[in-house]
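These notebook entries record what I looked up in one structure, taken region by region.

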Amino acid sequence: MEYQNLGNTDIKVSKLCVGCMSFGKAGTMHDWTVGPEETEKIVKHALDLGINFFDTANVYSKGTSEEYLGHAIKNNVARDKVVIASKVYFNPGRLSKEAIHREIDGTLKRLGTDYLDLYIIHRFDYNTPIEETMEALNDLVKAGKVRAIGASAMYGYQFYNMQLAARDNGWAQFQTMENHYNLLYREDERELIPICKQMNVSLMPYSPLAGGHLTRPTWNADTLRSKTDRVAMGKYDGMEKYDIHIVEHLHKIAEKYNAPMAEVAIAWEWAKGITSPIIGATKAHHFDSAVNALKLKLTDEDIAYLEEPYVPHPIIGAIDHNPAAGVTLLNKK
């Protein structure tokens, strides 16, 4: 395994991050999530592979993702040997001072820890002043409840303005960006990603395998997730007639290297300067292939070929208004 610092911190993370949306009580958010025993198997295997970075959220499976992860960590590794990230936004009060202070305590309790390595705002809050949010996050850093802060999918100007507010007031600044980025969705290359690189903000994108579409030559698969994941359907099915050509190019590069398509898709992320793509898995062995991708070095010609079929996409990730109260699944189906 290889490791890299998050932003301007001394927090070292593996070049792969375990996406914990796969963990939690089935039916509370998704139908395909795994229970506590399988969660522990996955976490233990990831640790054995040298992966030390885990990303969850307060709303994943109504908090059971954090609970299952916390138990698995406690049973298998010393707390200071792992980097745990969680998120706040899809909750009452969004990113208000009151909500942030309330939600961090709930997250810490469910995880069974007294601090988070990384606390991420899950979306941009249109109802709370930027300064209120950034000061509240800074309070958590000062209190020792959070080591570093990060942001997730939003527009570039929003991220930039929040960073400036923090800088101008001497508050903690974002060290990471968890955005939607893969071979099928590259809209953030226009603004957000260049801003992050300018500010030395580490990129840890979600959906690097596009909900499984970058793991197989066919669009759909005969799996529970493929049949029931409304979020993935909403993100990708609308552009299938264009994106299937990217999948075809990916398949050809995978054949060239005699490697699984998933490995090529992950290798492309690292070639684009990504620190740690977030890999969600429902089986422990899914991480073996991801780790093998470290050995795969794509050429400039490979990258150009993979990117050639891309066409502009509708924005999927950043939102232009706060969703209705209680909404945690952002999808268009």
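I first fixed the term that the accessibility entries rest on: a residue is called buried when its relative accessible area is under 20%, and exposed when that area is over 50%. I also note at the outset that the model is predicted.

**Entry 1. Backbone at Ser 61 and Asn 258**

I looked up Ser 61 and found it in the loop between β4 and α2. Its relative accessibility is 0%, under the 20% limit, so I recorded Ser 61 as buried. The phi of Ser 61 is near 50°, which is positive although the residue is not glycine. For context, most residues other than glycine have a negative phi.

I then turned to Asn 258, which sits in the loop between α9 (240-257) and α10. Asn 258 also has a positive phi, about 55°, and it is not a glycine either. Is Asn 258 buried or exposed? Its relative accessibility is 73%, so I entered Asn 258 as exposed.

**Entry 2. Helix α2**

I followed the chain into α2, which covers residues 64-76 and has 13 residues. From its first C-alpha to its last, α2 reaches 18 Å, close to the 18 Å expected at 1.5 Å a residue.

Which residues of α2 are buried? I listed Thr 64, Ser 65, Glu 66, Tyr 68, Leu 69, Gly 70, Ala 72 and Ile 73. I noted as background that an α-helix has 3.6 residues a turn, so residues three or four places apart point the same way. The partners of the buried residues of α2 are two helices, α1 (36-48) and α3 (97-111), and two strands, β4 (53-55) and β5 (83-88).

**Entry 3. Packing of α2 on α3**

I examined one of these partners further. The axes of α2 and α3 lie 7 Å apart and make an angle of about 45°. That angle makes α2 oblique to α3. On the α2 side I found Glu 66, Glu 67, Leu 69 and Gly 70 in the contact, and on the α3 side Thr 107, Arg 110 and Leu 111. Sorted by class, this contact of α2 with α3 holds two nonpolar, two polar and three charged residues.

**Entry 4. Packing of α10 on α12**

I next looked up a second helix pair, α10 (residues 261-271) and α12 (residues 300-307). Their axes are 11 Å apart, at an angle of about 110°. The two helices, α10 and α12, are therefore roughly perpendicular to each other. Val 264, Trp 268 and Ala 271 of α10 meet Ile 303, Leu 306 and Glu 307 of α12. By class, I recorded five nonpolar residues, one charged residue and no polar residue in the contact of α10 with α12.

**Entry 5. Trp 268**

I returned to Trp 268, in α10. Its relative accessible area is 0%, so Trp 268 is buried. What does Trp 268 touch, leaving out residues up to four places away in sequence? I found Ile 303, Leu 306 and Glu 307, together with Tyr 181, Asn 182, Leu 183, Arg 186, Glu 189 and Leu 298. Leu 298 is 30 residues from Trp 268 along the chain, and their C-alpha atoms are separated by 7.0 Å.

**Entry 6. Thr 133 and Asp 168**

I located Thr 133 in helix α4 (residues 130-143). Thr 133 has a relative accessibility of 2% and so counts as buried. Apart from neighbours within four places in sequence, Thr 133 is in contact with Leu 95, Ile 100, Ile 121, Thr 128 and Met 162.

Asp 168 belongs to helix α5 (residues 156-169). With a relative accessible area of 57%, Asp 168 is exposed. I also took the separation between the C-alpha atoms of Asp 168 and Asp 288, which is 44 Å for two residues 120 apart along the chain.

**Entry 7. Cysteines**

How many disulfides does the structure hold? I found zero. A disulfide requires two cysteine sulfur atoms within 2.5 Å. For Cys 20 the closest cysteine sulfur belongs to Cys 17 and is 7.0 Å away, which is too far for a bond. For Cys 196 the closest is again that of Cys 17, at 16 Å, also too far for a bond. I recorded Cys 20 as buried, at 0% relative accessibility. Cys 196 likewise counts as buried, at 0%.

Terms used
Residues are numbered from 1 along each chain as its sequence is written. This is a predicted model: local features need pLDDT of at least 70, side-chain atom pairs count only at pLDDT 80 or more; totals for chains, interfaces and linings use all residues. Side-chain values use heavy atoms; hydrogens and water are left out. Helices (H or I, at least four residues) and strands (E, at least two) are DSSP runs, numbered from the N terminus. The expected span of a helix is 1.5 Å times one less than its number of residues. Buried means under 20% relative accessible area, exposed over 50%, partly exposed in between (1.4 Å probe, protein chains only). Contact means heavy atoms within 4.5 Å. Axes are lines fitted to C-alpha atoms, for helices over the stretch in contact, and angles run from 0 to 180 degrees between N-to-C directions. Angles under 35 degrees count as roughly parallel, over 145 as roughly antiparallel, 65 to 115 as roughly perpendicular and the rest as oblique. Ala, Val, Leu, Ile, Met, Phe, Trp, Tyr, Cys and Pro count as nonpolar, Asp, Glu, Lys and Arg as charged, and the others, Gly among them, as polar.
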